[in-house]
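Hello,

Here is the structure I promised to pass on. My notes follow below it.

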Amino acid sequence: MSTQPLVLSPARPRKVTLRRRRLAITRRLRELRMIAKGLFDRDHPVLAHLIPIRRCNLSCTYCNEFDDFSKPVDLSVMLDRVDHLARLGTTIITISGGEPILHPELDDIIRRIRKHGMLAGMITNGYLLTAERIHRLNDAGLDHMQISIDNVMPDEASKKSLKVLDRKLQLLAEHADFHVNINSVVGSGIRSPEDALTVSNRAIEYGFTSTVGIIHDGDGQVRPLGPRERAVYKAIKGHEKSSYSQFNTFQDAIADGLPNNWRCRAGARYLYICEDGLVHYCSQQRGYPGKPLAQYTVDDIKREYRTEKSCSPHCTVSCVHQTSLIDSWRDSQTIKPAIDRPAVPGTPLVHIETTTRR
Ligand code: SF4
Ligand code: SF4
């Protein structure tokens with residue numbers, strides 16, 4: 001249990017207005033079209049993560065995906081990247097960072113994604129959200145937002161706590177027209193596994209969806225969950241019943257400390273585009289293939305689709321696994337892996353909703 005009790009005001013859940021219902025139905029139809037397109041055509045990315053700024057306003061001690069000095073990428077450069085992803089046939093772009101809200105022209109990037117008919121998602125720590133900022137995200141056409149909350153009370157490792165962020169969740173419940181998912185974490189280094197359940201229950205009270213991620217140990221190893229973590233993990237998985245991740249046994253194997261047998265389609269169905277505009281397999285395997293997005297072609301997608309990833313058995317990147325599920329039943333990988341190292345140690349799981357139903 002958390003050492004410090006947190007007393008929260010009663011949550012005022014989001015109202016399902018006619019407008020929100022209509023938006024949710026349209027979003028779901030677009031997602032279904034995306035799945036159909038993914039099944040029909042193998043040669044396009046389903047999900048791309050795009051980094052418009054590496055700077056973050058926080059400094060979580062486990063994180064290796066931020067700095068405290070980088071400038072935002074120029075808007076014209078970001079729009080070119082969105083346009084190129086559209087040309088490749090990408091169906092979802094999720095903007096992350098660093099902290100994407102620090103990018104002064106984030107709304108224009110979202111607008112460009114939507115102009116191409118792609119789904120627009122973002123991952124934020126939520127600190128900079130205000131009612132006015134949420135309305136601007138509504139107007140830009142954001143489809144999905146994910147916020148990760150690591151604990152109930154802030155500690156030395158993470159300030160992404162329910163204590164700080166609860167008022168942001170209330171703002172989202174009142175003002176957001178987009179889908180909101182709250183991700184909590186269990187696993188090594190998390191002092192109080194029950195915090196994740198408190199966070200998840202609070203998300204449900206507000207009318208959001210809730211997911212759970214399992215994080216690595218400090219040495220990069222994924223260890224089986226202990227009895228307390230397992231109980232919390234199972235309870236939160238019960239909250240995911242309305243989501244596509246109910247079909248995903250990937251995390252169950254991670255929870256048991258077992259390898260997963262799957263074909264990672266990173267570099268093909270999933271792309272990670274860093275602030276320098278290079279395509280990487282994922283946040284944990286930066287440098288492969290490391291090619292500029294502007295030069296990335298269908299031939300690259302075809303090659304990477306067939307390329308085995310030697311880090312796949314103990315991978316914890318759930319979003320890539322979910323994206324790869326679409327091709328799990330077809331096409332073996334016959335090209336030998338280029339990766340010569342395990343996934344970056346200590347990087348936490350980023351549990352991102354690939355359907356963006358984070
Ligand atoms: S985990 Fe997120 S909020 Fe924390 S330092 Fe990294 S980018 Fe910033
Ligand atoms: S770490 Fe996971 S997602 Fe990244 S390339 Fe390896 S198997 Fe794929």
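For the classes used below, Ala, Val, Leu, Ile, Met, Phe, Trp, Tyr, Cys and Pro count as nonpolar, Asp, Glu, Lys and Arg as charged, and the others, Gly among them, as polar. Please keep in mind that this is a predicted model.

Ligand 1 comes first. On that scheme its shell divides into five nonpolar, four polar and three charged residues. Three cysteines are in the shell: Cys56, Cys60 and Cys63. Leu58, Ser59, Glu65 and Phe66 also stand around ligand 1. So do Gly97, Gly98 and Glu99, along with Asn125 and Lys160.

Now ligand 2. Around it are 13 residues. Nine are nonpolar, three polar and one charged. Those that come nearest are Cys264, Cys282, Cys311, Cys315 and Val320.

Next, strand 1, residues 47-50. Are its faces covered or open? Both are covered. Leu47 and His49 are buried on one side, Ala48 and Leu50 on the other.

Strand 1 has parallel partners. With strand 2 (residues 92-95) the pairing runs over four bridges. Here Ala48 has Ile93 as its bridge partner. With strand 7 (residues 270-273) there are four bridges, again in the parallel sense. Here Leu47 stands opposite Tyr270.

One last point is the connection. Helix 2 (residues 75-87) joins strand 1 and strand 2 in a β-α-β unit, and the unit is right-handed.

Best wishes

Technical notes. Residues numbered from 1 in each chain as written. Chains lettered and ligands numbered in written order. Predicted model: local features only at pLDDT ≥ 70, side-chain atom pairs only at ≥ 80, totals over all residues. Near = placed C-beta within 6 Å. Buried ≥ 20, exposed ≤ 12 C-beta atoms within 10 Å, placed from the backbone. Helix = DSSP H or I, 4+ residues; strand = E, 2+ residues; numbered from the N terminus. Pairing = 2+ DSSP bridges. Right-handed = clockwise from strand over helix to strand, strands pointing away.
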